[in-house]
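Me: Please take a close look at the aromatic rings in this model, and tell me how they pair.

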Amino acid sequence: KAVELTFGGDVRLTSVSLTDSGGAAKHLDAVPTAIASTFSLSIHEPLVPGAYKIVWRAVGGDTHIISGEFGFTVR
């Protein structure tokens with residue numbers, strides 16, 4: 001129902017995307033504008049069983065851009 005991202009320090013999240021194994025985007029809440037270490041974005045549609053990928057990008061307190069991705073499976 002939601003994607004939660006937790007960082008080791010405060011960041012400004014600049015983008016988050018959720019896609020299924022075929023690359024189709026899934027609708028998430030808008031990226032928050034607050035600087036924080038934990039973010040929760042609601043997923044606006046049910047996820048059917050399968051593989052998904054989250055890709056994120058943020059700006060750290062030192063102004064360096066950081067990014068990453070991870071996958072998960074819905075059974």
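Reply: What follows describes the aromatic pairs and the residues that form them. This is a predicted model, in which local features need pLDDT of at least 70 and side-chain atom pairs count only at pLDDT 80 or more, while totals for chains, interfaces and linings use all residues. Residues are numbered from 1 along each chain as its sequence is written, and side-chain values use heavy atoms, with hydrogens and water left out.

A pair of aromatic rings is described by the distance of the centres and the angle of the planes. Rings of Phe, Tyr and Trp (its six-membered ring) pair if their centres lie within 6.5 Å, and planes under 30 degrees apart count as stacked, over 60 as edge-to-face and the rest as tilted. By this rule there are three aromatic pairs. In one of them, the ring centres of F7 and F39 are 6.1 Å apart and the planes stand at 75 degrees, so this pair is edge-to-face. It joins distant parts of the chain, with F7 in strand β1 (residues 2-20) and F39 in strand β3, 32 residues apart; strands are DSSP runs of E, at least two residues, numbered from the N terminus.

The rings of F7 and W56 have centres 5.0 Å apart and planes at 80 degrees, so they too are edge-to-face. Here F7 in strand β1 is linked to W56 in strand β4, 49 residues away. Ring pairs thus join F7, F39 and W56 into a cluster.

As for burial (under 20% relative accessible area, 1.4 Å probe, protein chains only), F7 is buried at 14%, W56 counts as buried at 15%, and F39 is buried as well.

Technical notes:
Helix = DSSP H or I, 4+ residues; strand = E, 2+ residues; numbered from the N terminus. Buried < 20%, exposed > 50% of the residue type's maximum accessible area, 1.4 Å probe, protein only.
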